[in-house]
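The following exercises practise the reading of a protein model. Please attempt each task before consulting its solution.

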Amino acid sequence: MHEPKPNNMNQNYRNLTKDEIQNLQAAGSKAVNWADVLVATDFNNYTISNVNFTGKVYLSSDITLVDICDLGTSGKTSFANGTEVGVLKEDGGLEVILHDNLTSMEAAFEVQEANTNPSLVKAMQQKALDYAKSIESDGSIIEEGAVVKHCLQLTDVHIGPKAHVIGATRLVDVSINSLPEAPSGVGANVIMEHVIVGSDSHVTDAAQLDYCYVGQGCHIGRMYSAAQSLFFANCHFENGEACAYFAGPYSVSHHKATLMIACMTSFFNAGSGSNQSNHSYKMGPNKYGQLQRGAKLGSSSYVYWPMQIGAFSTVIMHHVGHQDLRELPFSLITEGKDGQTHIIPAQAFRSVGTRRDALKWPKRDKRTEGKATRRDLLNFSMLSPYTISSILKAIEVLKQMQKEGATEYKKCIISAKHIERGIALYEQAISMYLAQVLKASEGLTASAEGIGVWTDFGGMLVPKAEMYAALQEGKSFEDVEPLVKQYEYNWAAAHFDLSDKANLIAKGEKAEAEWNASLDEDGERDVQACNIEM
């Protein structure tokens, strides 16, 4: 799980020659102690100028160092590896240990299973700590091909091959895991302390990160501020603020005055001015919540934790009820004139935006394939055992409300017409899903594995029991991924009668055609609404 990365310490280093020191001095560089500047055997110093070496550094060949006020080390360092980040619960209890190879699946497991599987979580964290110890260095490391210019302070930094660090204000205890085929970059006025940045990622434009992990293919810029937070594959954050935030893959926020605090998301979009609270000024900031995969927060929306929002749901306006709404996925959650939370079940399922999201995510993967392994294993399915199990529960809830003539669910209002319509849309989703599974089931025979509860571990959908068993055996998420297709077929066969395959596929294809037609109409209405005569 934690393979030692090439940290340049396997190379042979030597001291500078007198001529090299003189050349560096002539180019405006100086050192507290030139014996602390160690270089690769094939080192050349023609692209180093105006650098102040304040501690031990290891320099590879073909690097560019220009105008650096302070480059050195404080002593022993693992470049943020082994650092503890307190996500979700600011008062402690759900910590994740950073390391260069951290994945969204591993981090999500550590958070979600901290209380239910503490021994396994502790073992995973110990491996991370062991890895941090294994790469400990007594100096900063600048790897081959790196370009570092116009920076103020670089202390305890590991800058990977081909990385570009231009104009950074302060990097302290930072690892930039760039790769030649997947270079990373740090831009002007950036401040980072105790941060690991993955390959293909860029932190730019005065962003400020403290105790954070930035995974692969991420962009964080335009003065974004984050503390004690994790950002995984293809996240994009600008202008706003995050604290104790678990940003699963494809989480996005572009706007100012947007605060993400003490919550977990994936495949998520935050509208302008969206906000959460995790503090009641009584027992401290000990509250947190989850917006399940595909959820959205509308502009100026507010959620007071704890609260759980179902998959692919949209939240608009103001909510303080602390409800668990995971049983109603694809819903529109809004605030009525009465100040109460109102729900339109399955509304998002008939939104063209939901289809657009599901189609665009696979196309927008910024991670380089090949040697720069895509660490986060992602399942892009909109309909899966994870969402369909919630849909089955939703139908049960809505039919019971219909039978009782009720319009209130967990202190939320659902009108009778929306109950009826929600049931129909959920059943349409099930028909589409069964056809999807059956068309992909060629050569599969159902077994008992994977038929239990499924969960979303940081973008990877897996059956819990099988994931637990694999990890207990010393296996990894990578070992389980190839089995997911079989597990999904097993789950569908255990929960539905799949014997009439041809009829189920025909019914599902009809449902999907009707669904697409309704979404096309929804999209056309949206386009027409934007047509303004000039």
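## Exercise 1: A hairpin

Strand 38 and strand 39 form a hairpin in which two residues lie between the strands, and Gly458 in the turn has a positive phi of about 60°. The model examined here is predicted.

**Task.** Determine how many bridges join strand 38 to strand 39 and in which sense the two strands run. Then state which way the residues of strand 39 point.

**Solution.**
Step 1. Strand 38 comprises residues 454-457, and four bridges join this strand to strand 39. The two strands run antiparallel.
Step 2. Within the pair, Phe457 is placed opposite Met460 of strand 39.
Step 3. From strand 39 (residues 460-463), Met460 and Val462 point one way, whereas Leu461 and Pro463 point the other way. All four of these residues are buried.

## Exercise 2: An open sheet and its loops

**Task.** State the order of the three strands in the open sheet and whether the pairing is parallel or antiparallel. Identify the edge strands.

**Solution.**
Step 1. Strands of a sheet pair through backbone hydrogen bonds, in either a parallel or an antiparallel manner.
Step 2. In this open sheet the three strands follow the order 26-29-32, with parallel pairing.
Step 3. Strand 26 (275-277) and strand 32 (318-319) are the edge strands, since each pairs on one side only.
Step 4. Strand 29 (residues 302-304) pairs with strand 32 over two bridges. Val303 has His319 of strand 32 as its bridge partner.

**Task.** Explain what is notable about the peptide bond between Trp305 and Pro306 and about the phi of Met317 and of Phe330.

**Solution.**
Step 1. Most peptide bonds are trans, and most residues other than glycine have a negative phi.
Step 2. The bond joining Trp305 and Pro306 is cis, with omega about 0°. Pro306 belongs to the loop between strand 29 and strand 30 (308-309).
Step 3. Met317 is not a glycine, yet its phi is positive, about 70°. Met317 occupies the loop between strand 31 (314-315) and strand 32.
Step 4. Phe330 also has a positive phi, near 60°, in a residue other than glycine. Its loop lies between strand 33 (324-325) and strand 34 (332-335).

## Exercise 3: Buried or partly exposed

**Task.** Classify Met317, Phe330, Glu238 and Ala358 as buried, partly exposed or exposed.

**Solution.**
Step 1. The cut-offs are under 20% relative accessible area for buried and over 50% for exposed, with partly exposed in between.
Step 2. Met317 has 39% relative accessibility and therefore counts as partly exposed.
Step 3. Phe330 has a relative accessible area of 0%, so Phe330 is buried.
Step 4. Glu238, in strand 19 (residues 236-238), has 8% relative accessibility and so counts as buried. Among the residues that Glu238 touches are His219, Arg222 and His254.
Step 5. Ala358, in helix 4 (residues 352-363), has 17% relative accessibility and is therefore buried.

## Exercise 4: Two packed helices

**Task.** Describe how helix 6 and helix 9 are oriented to each other and which residues make the contact.

**Solution.**
Step 1. Helix 6 (residues 416-439) and helix 9 (residues 484-495) pack at an angle of about 130°, and their axes are 10 Å apart.
Step 2. The two helices are therefore oblique to each other.
Step 3. The contact involves Tyr433, Gln436, Val437 and Leu438 of helix 6, together with Glu488, Tyr489, Trp491 and Ala492 of helix 9.
Step 4. These contact residues divide into six nonpolar, one polar and one charged.

Notes:
Residues numbered from 1 in each chain as written. Predicted model: local features only at pLDDT ≥ 70, side-chain atom pairs only at ≥ 80, totals over all residues. Heavy atoms only, no water. Buried < 20%, exposed > 50% of the residue type's maximum accessible area, 1.4 Å probe, protein only. Pairing = 2+ DSSP bridges. Axes fitted to C-alpha atoms, helices over the stretch in contact; angles between N-to-C directions. Parallel < 35°, antiparallel > 145°, perpendicular 65-115°, else oblique. Contact = heavy atoms within 4.5 Å. Nonpolar A, V, L, I, M, F, W, Y, C, P; charged D, E, K, R; others polar. Lists of a residue's contacts leave out its neighbours within four places in sequence.
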